[in-house]
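Here are a few exercises to work through with the model open in your viewer. Try each task before you read its solution.

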Amino acid sequence: MNTNDVQRLIRYLGEHGLRVTADENDLRLHVANPLNSRLSEEILVVGDRYVTSFAYEIGERGREQECAERIARVLAVSVVAGREGSA
């Protein structure tokens with residue numbers, strides 16, 4: 001997996017209003033809800049998959065937008081503009 005995929009995921013997470021700190025060398029992201037820093041998750045790249053630090057699989061490379069939506073729901077952030085509902 002290359003860093004372009006990770007950058008794409010970071011962009012989608014930002015569109016959900018999440019704060020992202022990236023360690024692209026280790027292909028690791030720290031993602032947090034900006035309103036409650038205790039709502040956070042480490043996202044790791046394992047092979048061609050994105051997984052949490054608890055080994056919960058979020059999705060696969062090439063599906064970064066869907067992965068970002070899943071992460072946003074886990075961290076209780078509303079879905080992006082144009083879509084109804086909240087996490």
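**Exercise 1: What sits over helix 2**

Among the elements covering the buried residues of helix 2 are helix 1 (3-15), strand 2 (28-33), strand 3 (36-46), strand 4 (49-52) and strand 5 (57-60). Keep in mind that this is a predicted model.

Task: find which residues of helix 2 are buried, and how the helix lies on the strands.

Solution. Start with the cut-off: a residue is buried when its relative accessible area is under 20%. Going along helix 2 (residues 64-74), the buried ones are Glu64, Cys67, Ala68, Glu69, Ile71 and Ala72. Next, look at direction: helix 2 lies across strand 2, strand 3, strand 4 and strand 5, and runs at about 165° to strand 5. Finally, step just past the end of helix 2, where alanine 76 has a positive phi of about 60°.

**Exercise 2: The sheet**

Task: work out the strand order, and say which strands stand at the edges.

Solution. Trace the pairing to get an open sheet of five strands, antiparallel, in the order 1-2-3-4-5. Strand 1 (19-23) and strand 5 each have a single partner strand, so they stand at the edges, with one side lacking a neighbour in the sheet. From one strand to the next, the twist averages 20°.

Now zoom in on one pair. Strand 1 and strand 2 run antiparallel and are joined by five bridges; aspartate 23, for instance, has arginine 28 of strand 2 as its bridge partner. Helix 1 packs on this sheet too, touching strand 1, strand 2, strand 3 and strand 4, with its direction at about 0° to that of strand 2.

**Exercise 3: The nonpolar core**

Task: in the largest nonpolar core, find which residues touch the most other members, and which element gives the most residues.

Solution. The core has 18 residues, and the ones touching the most other members are Leu13, Leu29, Val31 and Ile71. Helix 1, strand 2, strand 3 and helix 2 each put in at least two residues, and helix 1 gives the most, with five.

Take leucine 29 as a spot check. Skip its neighbours within four places in sequence, and its contacts include Val6, Leu9, Ile10 and Leu13. Val20, Thr21 and Ala22 are also in contact with leucine 29, as are Glu41, Glu42 and Ile43.

**Exercise 4: Salt bridges**

Task: how many salt bridges does the structure hold, and what does the one between arginine 8 and glutamate 64 tie together?

Solution. The total is eight salt bridges. For arginine 8 and glutamate 64, the closest N and O atoms are 3.4 Å apart. The first residue lies in helix 1 and the second in helix 2, so this pair ties together parts 56 residues apart in sequence. Check accessibility as well: arginine 8 is partly exposed at 28%, whereas glutamate 64 is buried at 2%. Then widen the view, and you'll see Asp5, Arg8, Arg61 and Glu64 linked in a salt-bridge network.

**Exercise 5: One glutamate, two arginines**

Task: which salt bridges does glutamate 66 form with arginine 63 and arginine 70, and at what N to O distances?

Solution. With arginine 63 the distance is 2.7 Å. With arginine 70 the closest N and O atoms are 3.8 Å apart. Glutamate 66 and arginine 70 both belong to helix 2, four residues apart, or about one turn of the helix. As for accessibility, arginine 63 is partly exposed at 38%, glutamate 66 is partly exposed at 31%, and arginine 70 is partly exposed at 36%.

Technical notes
Residues are numbered from 1 along each chain as its sequence is written. This is a predicted model: local features need pLDDT of at least 70, side-chain atom pairs count only at pLDDT 80 or more; totals for chains, interfaces and linings use all residues. Side-chain values use heavy atoms; hydrogens and water are left out. Buried means under 20% relative accessible area, exposed over 50%, partly exposed in between (1.4 Å probe, protein chains only). Contact means heavy atoms within 4.5 Å. Two strands pair if DSSP finds at least two bridges between them. Axes are lines fitted to C-alpha atoms, for helices over the stretch in contact, and angles run from 0 to 180 degrees between N-to-C directions. A nonpolar core is a set of buried Ala, Val, Leu, Ile, Met, Phe, Trp, Tyr and Cys residues joined through side-chain atoms within 4.5 Å. A salt bridge is a side-chain nitrogen of Lys or Arg within 4 Å of a carboxyl oxygen of Asp or Glu.
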